[in-house]
Amino acid sequence: MRYVSRMDSAELAAARLKEHRLADWLRTQRSVLVGYSGGVDSTYLAVVAREVLGRDRAIAVLGRSASVPNAQSVIAIETARARDIDLRIVSTTEVDDPRYAANPVDRCYFCKAVLWDVLCPMAARLGMATVADGTNADDLTGHRPGAKAADEHQVQSPLALFGLTKAEIRLLSQARSLPTWAQPSAPCLASRIPYGTPVTRERLAQIDRAEQSLRSLGIAGDLRVRHHDDLARIELDAALIDYWLEPQNAQRLVDAVRAAGFRRVALDLRGFRSGSLNVLEGVVAA
Amino acid sequence: MSDLAARLSEQGDDYRVEARERLAILVPQTGSSPDVERRKEILKLAREEGFTHVALELDPDGARFPGS
């Protein structure tokens, strides 16, 4: 398993101390609406909020749209149900916003602005005092234009506030037996489309189909299908490249991705890189 | 022939290189796939030629002749 925790007891103790501070903070808020994606971070936050505040004062809201992988939404709903979290589901339409669809380097800002434009008034209607997201301490570095939209809407990021890193959140999630603890990061499907190439429902659906087909071949862990018009560039764990370059296996990749509507299929020789297209476009250093 | 293709050819690797800005798509002209050491060398050469990403096209003949 890729995300096996190797933290020692001192690191676990440090993580638990941060978790205590998070719990104290949640109590002072009295009620919280969590922007919930079903990913590692927001699932952990929603579960802790539910534990600390109770079902009536901790609500999770899942935004569903064409840019969210369908399988992820299904897992998010199942997890919320298993943990007795009050889950609300809203449809968001960022793809219809021409500023988002044009796919500029700050595309995430427009997506998050649409989301918080829905969730913040919803929190007020439901009597929730605070709106929070799953931004963690590691997220504070790197290219994150979506954070600006959260700031503008006074959305709180308690995981980052108390210095909880992704590794610590995975560890604390594992301690709670959350199914997300070893889950790969799952950013929105638009992150597979190079900046400047319009984000359309068709392209998003094509990527979703291709990634689901590849998952059905048994590919676990990090996986992205990057959309380069007629060509799909597959990024997967570097340790798996030799296996998938064997001719019979390569043909399985090709068949799966072509069935999703791509004519040409290529395998990235370096393997998965988070934010790969940010490097390709020169938004961040290689 | 691109500089990267020429440099790969000097080392016995026969690829057509399709450059899409900083992405190099290697279209194999023979059937073999690079092992891990060859991939490291290819990535090194590509970086020296200004590419940040290198991808190997799979089944290029199938893309040219769909249904074949």
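Begin by selecting helix H11 (247-259) of chain A, which lies across E5, E6 and E7 of chain A together with E3 of chain B. H11(A) runs at about 130 degrees to E7(A); axes are lines fitted to C-alpha atoms, for helices over the stretch in contact, and angles run from 0 to 180 degrees between N-to-C directions. Helices (H or I, at least four residues) and strands (E, at least two) are DSSP runs, numbered from the N terminus. The structure is a predicted model, in which local features need pLDDT of at least 70, side-chain atom pairs count only at pLDDT 80 or more, and totals for chains, interfaces and linings use all residues. Residues are numbered from 1 along each chain as its sequence is written, while chains are lettered from A and ligands numbered from 1 in the order in which they are written.

**The sheet shared by two chains**

Next, select the strands beneath this heading in the order E5(A)-E6(A)-E7(A)-E3(B)-E2(B)-E1(B), which form an open sheet of six strands with mixed pairing. Two strands pair if DSSP finds at least two bridges between them. Strand E5 (223-228) of chain A and strand E1 (15-20) of chain B stand at the edges with a single partner strand each, so one side of each is left without a neighbour in the sheet. On average, neighbouring strands here are turned by 30 degrees against each other, direction ignored.

Where do the chains join within the sheet? E7(A) and strand E3 (residues 53-58) of chain B run antiparallel and are joined by four bridges. Select A:Val265 to find its bridge partner in E3(B), B:Leu58. On the other side, strand E2 (residues 23-28) of chain B pairs with E3(B) in the parallel sense over four bridges, and B:Leu26 has B:Leu56 as its bridge partner. Then show helix H1 (residues 3-10) of chain B, which lies across E1 and E2 of chain B at about 155 degrees to E1(B).

**The contact between the chains**

Select the residues where the chains touch: 20 residues come from chain A and 19 residues from chain B, two residues being in contact if their C-beta atoms, placed from the backbone, lie within 7 Å. E7(A) gives the most to the chain A side, with five residues.

**The sheet within chain A**

Now move to the four strands E3-E2-E1-E4 of chain A, an open sheet with parallel pairing. Strand E3 (86-91) and strand E4 (130-132) of chain A are at the edges, each with a single partner strand, so one side of each has no neighbour in the sheet. Three bridges join strand E1 (residues 32-36) of chain A to E4(A), and A:Val32 stands opposite A:Thr130 in E4(A).

Add helix H2 (residues 40-53) of chain A, which lies across E1, strand E2 (58-64) and E4 of chain A and runs at about 160 degrees to E1(A). Is H2(A) largely enclosed or exposed? Of its 14 residues, 11 are buried, so H2(A) is largely enclosed by the rest of the structure. A residue is buried if 20 or more other C-beta atoms lie within 10 Å of its own, exposed if 12 or fewer, and partly exposed in between, with C-beta atoms placed from the backbone. Among the buried residues are A:Tyr44 and A:Arg50. After H2(A) comes A:Gly54, whose phi is positive, near 90 degrees.

**The two domains of chain A**

Finally, colour domain 1 (9-182) and domain 2 (189-280) of chain A separately; the bounds come from an automatic or database domain assignment. Their C-alpha centres lie 27 Å apart.
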